[in-house]
Amino acid sequence: NSGGGTDLLRTRQIATLRSLLQTISNPRLDIPLVSTLASPLFGFTADDLAAFRAGHRGGCIYDALKRSESAKCRDFVEMLEQLRRCARMNTLTQLLETCMIRTRMDSIFSAMTGGEGRSADLQTFFQLAADYENGGHRDLGHFLEHLKALEAKGLISAGAGSAGCVTIMSIHKSKGLEFPVVFVCGLSRSFNRESTRAQVLCDQQLGLGLAAVDEKNRVRYPTIAKRAI
């Protein structure tokens, strides 16, 4: 698997699952809740959202959802309450298993274009949660904070490769501690010093570094500023 893959947390399937987990953790967060409702898992249309919100414009969307007489809204609220109980009583991986079973998430995303890769991404995310849980952490809120930290670093999707594959990436792309075994290759090559040979060098702190020209002796040599840069 090459290092040019897609960020796992930004794929549609994982973004949807993450929104659902955020909603389970705190249903009064409007953005994750609306993202969950409008996802392929629950299929709320813009008209559906407007219908229950129009009757209850004050407060958060979750309160409006609970007051709605729509069967679709009631079914969602009932499922959400069950998942919230599951989150309190069970481990993180058990919650994920329940979410996938109740929403038929794997089947829905597998039926879409690129379904095999989407399914692989869900499995990778599940393994990520299992590894986090094995580290002694089982709280959903802490796991969501962990995902936020991973998002800042960037998490490569394993959908294009199999689990346990060798990942080739640049030094800049790697994050340091994400693999148990690392081979740093190409160390026998010289450093690229091409930029130091330019006639004009620039530095944010030191400014411009120019070459001095001795017309009488017909030579060019670096100034002190250029040597410093």
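A residue counts as buried when its relative accessible area is under 20%, as exposed when that area is over 50%, and as partly exposed in between. Keep this cut-off at hand for the exercises below, and remember that the structure above is a predicted model.

**Exercise 1. Get your bearings**

Task: Find how many helices and strands the chain holds, and in what order the elements run.

Solution:
- Step 1. Count the elements: the secondary structure comes to ten helices and three strands.
- Step 2. Walk from the N terminus and write down each element, which gives α-α-α-α-α-α-α-α-α-β-β-β-α.
- Step 3. Add some numbers for the whole chain. Of its 229 residues, 32% are buried. Take the contacts between residues at least 6 apart in sequence: 57% of them join residues at least 24 apart.

**Exercise 2. A salt bridge between a loop and a helix**

Task: Work out which parts of the chain Arg28 and Asp63 tie together, and whether each residue is buried or partly exposed.

Solution:
- Step 1. Check the pair itself. The closest N and O atoms of Arg28 and Asp63 are 2.8 Å apart, and the two residues form a salt bridge.
- Step 2. Place the partners. Arg28 sits in the loop between helix 1 and helix 2 (30–37), while Asp63 belongs to helix 4 (residues 61–67), so the bridge ties together parts that are 35 residues apart in sequence.
- Step 3. Apply the cut-off to Asp63: its relative accessibility is 16%, so Asp63 counts as buried.
- Step 4. Do likewise for Arg28: with 43% relative accessibility, Arg28 counts as partly exposed.

**Exercise 3. The other salt bridges**

Task: The structure holds three salt bridges. Describe the one between Asp48 and Lys72, then the one between Glu145 and Lys148.

Solution:
- Step 1. Start with Asp48 and Lys72, whose side chains meet in a salt bridge at 3.0 Å, N to O. This pair links distant parts of the chain, since Asp48 is in helix 3 (residues 46–54) and Lys72 in helix 5, 24 residues apart.
- Step 2. Judge their exposure. Asp48, at 26% relative accessibility, counts as partly exposed. Lys72 is partly exposed as well, with a relative accessible area of 33%.
- Step 3. Go on to Glu145 and Lys148, where the N to O distance of the salt bridge is 3.9 Å. Both lie in helix 9 (residues 140–153) and are three residues apart, so about one helical turn separates them.
- Step 4. Judge these two by the cut-off. Glu145 is partly exposed at 48%, and Lys148 is partly exposed at 47%.

**Exercise 4. Two helix pairs**

Task: Two packed helices are described by the angle between their axes and the distance between the axes. Use these values to say how helix 1 lies against helix 5, and how helix 6 lies against helix 8.

Solution:
- Step 1. Read the values for helix 1 (residues 12–25) and helix 5 (residues 71–89): their axes come within 9 Å and cross at roughly 80°. Angles of 65 to 115 degrees count as roughly perpendicular, and helix 1 and helix 5 are therefore roughly perpendicular to each other.
- Step 2. List the residues in this contact. Helix 1 brings Leu20, Thr23, Ile24 and Ser25, and helix 5 brings Leu80, Leu83, Arg84 and Ala87. By class, that makes five nonpolar, two polar and one charged residues.
- Step 3. Turn to helix 6 (residues 92–103) and helix 8 (residues 115–134), whose axes come within 9 Å and cross at roughly 155°. Angles over 145 degrees count as roughly antiparallel, and helix 6 and helix 8 are therefore roughly antiparallel to each other.
- Step 4. Look at who makes the contact. From helix 6 come Leu92, Thr93, Leu96, Glu97 and Met100; from helix 8 come Leu122, Phe125, Phe126, Ala129, Ala130, Tyr132 and Glu133. Here the classes are nine nonpolar, one polar and two charged residues.

**Exercise 5. The sheet**

Task: Find which strands stand at the edges of the sheet, and describe how strand 1 is joined to strand 2.

Solution:
- Step 1. Set out the order: three strands form an open sheet, 1-2-3, with antiparallel pairing.
- Step 2. Find the edges. Strand 1 (200–203) and strand 3 (219–222) each have a single partner strand, so one side of each is left without a neighbour in the sheet. From one strand to the next, the twist averages 25°.
- Step 3. Follow strand 1 into strand 2 (residues 207–214): four bridges join these antiparallel strands, and a hairpin connects them through three residues.
- Step 4. Pick out facing residues. Cys202 stands opposite Leu208, and Asp203 stands opposite Gly207.

Methods: Residues are numbered from 1 along each chain as its sequence is written. This is a predicted model: local features need pLDDT of at least 70, side-chain atom pairs count only at pLDDT 80 or more; totals for chains, interfaces and linings use all residues. Side-chain values use heavy atoms; hydrogens and water are left out. Axes are lines fitted to C-alpha atoms, for helices over the stretch in contact, and angles run from 0 to 180 degrees between N-to-C directions. Helices (H or I, at least four residues) and strands (E, at least two) are DSSP runs, numbered from the N terminus. Angles under 35 degrees count as roughly parallel, over 145 as roughly antiparallel, 65 to 115 as roughly perpendicular and the rest as oblique. Contact means heavy atoms within 4.5 Å. Ala, Val, Leu, Ile, Met, Phe, Trp, Tyr, Cys and Pro count as nonpolar, Asp, Glu, Lys and Arg as charged, and the others, Gly among them, as polar. A salt bridge is a side-chain nitrogen of Lys or Arg within 4 Å of a carboxyl oxygen of Asp or Glu. Buried means under 20% relative accessible area, exposed over 50%, partly exposed in between (1.4 Å probe, protein chains only). Two strands pair if DSSP finds at least two bridges between them.
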